[in-house]
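Here are some quick notes for when you have the model open. I've stuck to two topics: the internal space and the greasy part of the surface.

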Amino acid sequence: MRKLSILLLAVFALTANVEKGHAQTTESSKSKKQIPQNWFIGMGGGISTYFGESDLDVPGGYQHLITPNLNLQVGNWFTPSIGVRLQAGGMQLKGWNPSKTGGYYQKMNYFDLHGDLLLNPENLINGYNADRKLNWTLFAGAGAAKVFHKNTVPASICTEIKAGTMLDYKLSKAFSIFGEIQGTIVPENFDGQIGGSHKEGYATVSAGIIYRLPSAQKGIKIKETDVTTQDNKVLNDKINELLAAQKELTNKNSDLQQQNAQLQSAAAAAATKQPQTAVPAETAWPEGSKLLLKNYVRFASNKSVYLPGEESNIKAAADELSKRNDAIIEIAGYADPKTGTQSYNMQLSNKRAKYVADILKTKYNVSADKIVVSSYGNSKSPLTDNSKNKIVIFFLKKK
């Protein structure tokens, strides 16, 4: 008994130190909060079998020594990994004594009471998880039993040492079902037979139900300080990354707005150089002359699909064309001479012009015989800033 007590205390101290180590990594020293008590009660039943000096010789097989048992328990989990319980149980055990002619069964009605130290290895190793349904518990403890013999031997009180394992499955916040296997070591006089050197004991397999008291039905509560300093650092880093990305997008948007303003200014300047910029719809114009429209369509590098917001310029060109029955529209594509060869840029500018022409035909009902597609690649630069010549320009021409 003394050795068992020392062993249980050592296990308790080791487990507490491991729990403390986990706690120090997840809470600050300023705000420790006591974990609430988690009380539970339970009851179950099953079978027991006794292992005495001569019990293996019972006629007809060892199964004749199997007897029923009942048990009640009450306990408390101090932490997710460590708890204690008090369990009472008993009913009847049977042994075999071959001493008389033919032998006889030793029937022992008993009642025992013992305390156990509970250990949940999974919570200890992996941490507590409130959503976990299946829990595994190891236990060990000691107690005493009152034994009433079915022969002339008087009743006796015997010490016990117990150990075992239990699985419980959570049905709800309040109820769980459990299955338990435990082994018990008892002194040799437990069965009423004195003498002999054989170690004696009994094994019990039981199942039942556990009820957690209302104050404990929320489970082991995670401390407020379980949001660790490290977690805060990770969150702050994420926030800083998002702020940096937002700043970068803001800068890019500002650059795009500046480029658009430059393009609009350059197109306006180019339009003023055209002799027909203010030709009214009813005025006749010379054969082959062109009218440069101020609206043009911008593209990204190496792309033949216009930038967002540019379709309004295509609609404006279609509206201008609809005002003149004697005109066709020329769609001229260009490319940035600094990116790509002349051959590649010629193909790219042609794709851009055809892309805009298809939109005029399909969306704005401009007939194909009123559209001319031209591509200049990087052979011409309508804008002074070559990097901004990724555009399509519209001209109105006399039929």
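**Notes on the cavity and the nonpolar patch**

1. Start with strand S3, which contributes four residues to the lining of the largest cavity, the most of any element. Bear in mind that we're looking at a predicted model here.

2. How many cavities of 30 Å³ or more does a search of the whole structure find? Just one turns up, and the space inside comes to about 90 Å³.

3. The lining of that cavity is made of 15 residues. If you want to centre your view, go for Asn 69, Asn 71, Gln 87, Gly 89 and Gln 182, which lie nearest the middle.

4. Several strands share the job of lining the cavity: S2 (66-77), S3 (82-97), S4 (104-119), S7 (175-186) and S8 (200-212) each put in at least two residues.

5. What is the make-up of the cavity lining by class? Nine of the residues are polar, three are charged and three are nonpolar.

6. Now to the surface, where a nonpolar patch adds up to about 1000 Å² of accessible area. Its members are Met 43, Leu 72, Leu 134, Trp 136, Leu 138, Leu 167, Tyr 169, Leu 171, Phe 175, Ile 177 and Ile 209. Two or more of the patch residues come from each of strands S5 (134-149), S6 (156-170) and S7.

7. Which element gives the most to the patch? That's S5, with three residues. Leu 72, also in the patch, sits in strand S2, and S2 is one of the strands that line the cavity. S7 likewise appears in both places, supplying residues to the cavity lining and to the patch.

How values were computed
Residues are numbered from 1 along each chain as its sequence is written. This is a predicted model: local features need pLDDT of at least 70, side-chain atom pairs count only at pLDDT 80 or more; totals for chains, interfaces and linings use all residues. Side-chain values use heavy atoms; hydrogens and water are left out. On a 1 Å grid over the protein atoms alone, a cavity is a set of points where a 1.4 Å probe fits but cannot get out, and a pocket is an open set with protein on both sides within 12 Å along at least five of seven lines; lining residues have an atom within 4 Å of a point. Grid points are joined across faces, edges and corners, and a volume is the space filled by probe spheres set on the points. Ala, Val, Leu, Ile, Met, Phe, Trp, Tyr, Cys and Pro count as nonpolar, Asp, Glu, Lys and Arg as charged, and the others, Gly among them, as polar. Patches are made of residues with over 30% relative accessible area and no salt bridge: like charges are joined within 9 Å, nonpolar side chains (Val, Leu, Ile, Met, Phe, Trp, Tyr) within 5 Å. Accessible areas come from the Shrake-Rupley method with a 1.4 Å probe; for residues, only the protein chains shown count as cover. A salt bridge is a side-chain nitrogen of Lys or Arg within 4 Å of a carboxyl oxygen of Asp or Glu.
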